[in-house]
Amino acid sequence: MTLDRRKFLHFAGTSLSAAILSGCDSRGPKGAERILRYAERKNEVLERALFRHTAIDAPPAGAKLAGNALPSYFISRTVPIWDESRQGKWHLEIGGMIDRPLRLSLEDLIAMPRSHKRVNHYCVEGWTAVEQWTGVPLRDLARLAGVHRGARYVDFESFDSGYHESWDIESAMHPQTVVAYGLDGRFLSPAYGAPARVYSPVKLGYKNTKYLTRIMFLPNRTGGYWSDRGYEWYAGV
Amino acid sequence: MVRPRNHWVVRVTHWVNFVALTILIGSGLRIFNAYPRFARRGETFCCYPWEGKRFPEELTFGGWLAGARNWHFAMMWVLVANGLVYLGFIYLHGEWRDLVPRRGFFRDALAMLKFYLFLRSDHPRQGKHNALQRGVYFILPWIGLMAVVTGIAIWKPVQLSVLTNLLGGYVWARFWHFISTVLLVALSFVHIFMVFAVDPYSLRAITTGGYNKENSPEARNARPFWNLLPRKREKVEDTNDA
């Protein structure tokens with residue numbers, strides 16, 4: 001028992017002081033970084049095992065649309081706006097491991113069968129909002145492009161100072177994942193990602209790249225703006 | 001070798017729980033501070049009067065939102081695994097008998113309250129723990145369960161929407177998760193206060209296991225801050241008369 005006690009005291013002492021010390025700089029000890037990344041990987045394995053395409057997000061019937069109360073985040077210094085006179089007509093490119101590379105104009109997207117659904121927005125900060133997105137389901141675009149079997153990841157690129165986020169293909173092919181060009185019955189305004197953005201209730205907000213320019217189907221994950229800075233890469237809800 | 005007052009499994013899980021909860025609460029407050037209200041965007045929430053007020057940075061853990069979330073999602077497994085070891089052990093090993101309310105709980109709890117309020121002069125008789133302790137030690141795992149279940153509901157509100165909806169949806173599940181923390185913190189403060197004010201000797205019992213029964217609150221007739229010191233041994237020779 002003495003040995004146990006001594007070991008225990010040592011353990012309790014070190015873990016306590018670790019907790020207290022790290023409380024001081026409040027980020028936690030540097031060595032913990034490895035453990036945190038290990039936990040994130042294990043969590044991702046579990047979350048991907050839990051993931052179902054049949055799990056459909058449905059906001060409560062009485063919930064109000066957020067409308068202008070929806071915050072608009074971007075990383076550029078000012079609202080990113082596609083300048084036709086300088087950059088030419090906006091197109092969405094779809095490339096990578098596919099049979100038919102696509103280059104779609106906004107009109108092309110509008111002409112396709114659209115989804116027009118009220119869904120929840122889950123923000124990493126803890127808030128939710130109800131929004132009505134109009135757009136083309138990404139799985140339809142994938143079918144059109146003929147995605148190869150080996151494509152396990154999808155990267156969504158933007159013209160917002162290089163902002164991008166990559167996803168697992170399962171989440172990208174969820175029926176509620178859309179390339180959205182309309183919000184609450186109107187075309188997207190620049191604050192919310194015009195001309196088009198990816199939107200899905202199965203991912204936290206920061207994974208849903210706004211100001212979309214290119215969708216790449218890839219064999220490997222390519223990180224992302226916030227996931228490279230310490231936020232979870234998977235970020236599924 | 002004297003039998004320790006608390007089995008080593010109980011002592012280890014107690015302190016692991018302390019560390020895990022401290023980190024979970026600190027990181028949870030940091031996460032809460034990112035959106036210190038409950039209403040959906042564009043709506044109002046009935047039941048939280050302090051909306052918009054953040055917790056002081058010094059009480060939070062993780063440094064920033066991503067750090068806090070990473071700690072929270074790692075430490076939650078420590079809490080769950082540790083909780084299962086503890087509950088499994090006290091069930092299989094019989095310790096649970098000292099940790100659940102007994103018949104006559106309310107009468108006994110009232111007697112303890114009366115004693116603490118000087119409405120009664122002698123400490124009610126008890127086994128390992130008094131009735132109030134039994135009540136709290138019994139309720140705590142349930143609050144822990146509430147924290148875990150509500151936590152899972154706001155972690156996976158789409159994939160586990162059945163659970164989230166059962167709790168009233170994401171907004172309410174997040175509120176109940178917050179409330180479970182408030183309850184945990186409140187009971188922990190009472191617990192820590194009572195340790196120092198009534199039975200500081202139990203600090204040794206929960207760490208090394210050692211405990212002198214003659215220093216128990218019952219033996220000292222101890223109320224908060226009363227009879228804290230060990231009793232003088234005067235009637236040692238009387239013990240055979242009983």
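In this predicted model, chain A holds an open sheet built from 5 strands, and walking across that sheet gives the order S2-S1-S10-S5-S6, with mixed pairing. The two ends of the row are taken by strand S2 (102-105) and strand S6 (164-168) of chain A, edge strands that each find a partner on one side only. Ignoring direction, neighbouring strands of this sheet are turned against each other by 15 degrees on average.

Inside that row, strand S1 (residues 91-96) of chain A runs alongside strand S10 (residues 212-218) of chain A; the pairing is parallel and spans 4 bridges. To find the spot on screen, look for A:Gly96, which sits opposite A:Phe217 in S10(A).

Chain A also has an antiparallel pair, made by strand S3 (residues 115-122) and strand S4 (residues 128-137), with 8 bridges between them. A handy marker here is A:Lys117, whose bridge partner in S4(A) is A:Trp133. S3(A) and S4(A) form a hairpin with 5 residues between the strands, and in this hairpin A:Gly126 adopts a positive phi near 110 degrees. As for side chains, those in a regular strand alternate between the two faces of the sheet.

Turning to how the chains meet, 42 residues of chain B are in contact with 47 residues of chain A. On the chain B side, helix H1 (8-33), helix H2 (65-93) and helix H6 (170-197) each put in at least two residues. H1(B) gives the most to this side, with 10 residues. Sorted by character, the chain B residues that touch chain A come out as 21 nonpolar, 14 polar and 7 charged.

Conventions
Residues numbered from 1 in each chain as written. Chains lettered and ligands numbered in written order. Predicted model: local features only at pLDDT ≥ 70, side-chain atom pairs only at ≥ 80, totals over all residues. Pairing = 2+ DSSP bridges. Axes fitted to C-alpha atoms, helices over the stretch in contact; angles between N-to-C directions. Contact = placed C-beta atoms within 7 Å. Nonpolar A, V, L, I, M, F, W, Y, C, P; charged D, E, K, R; others polar.
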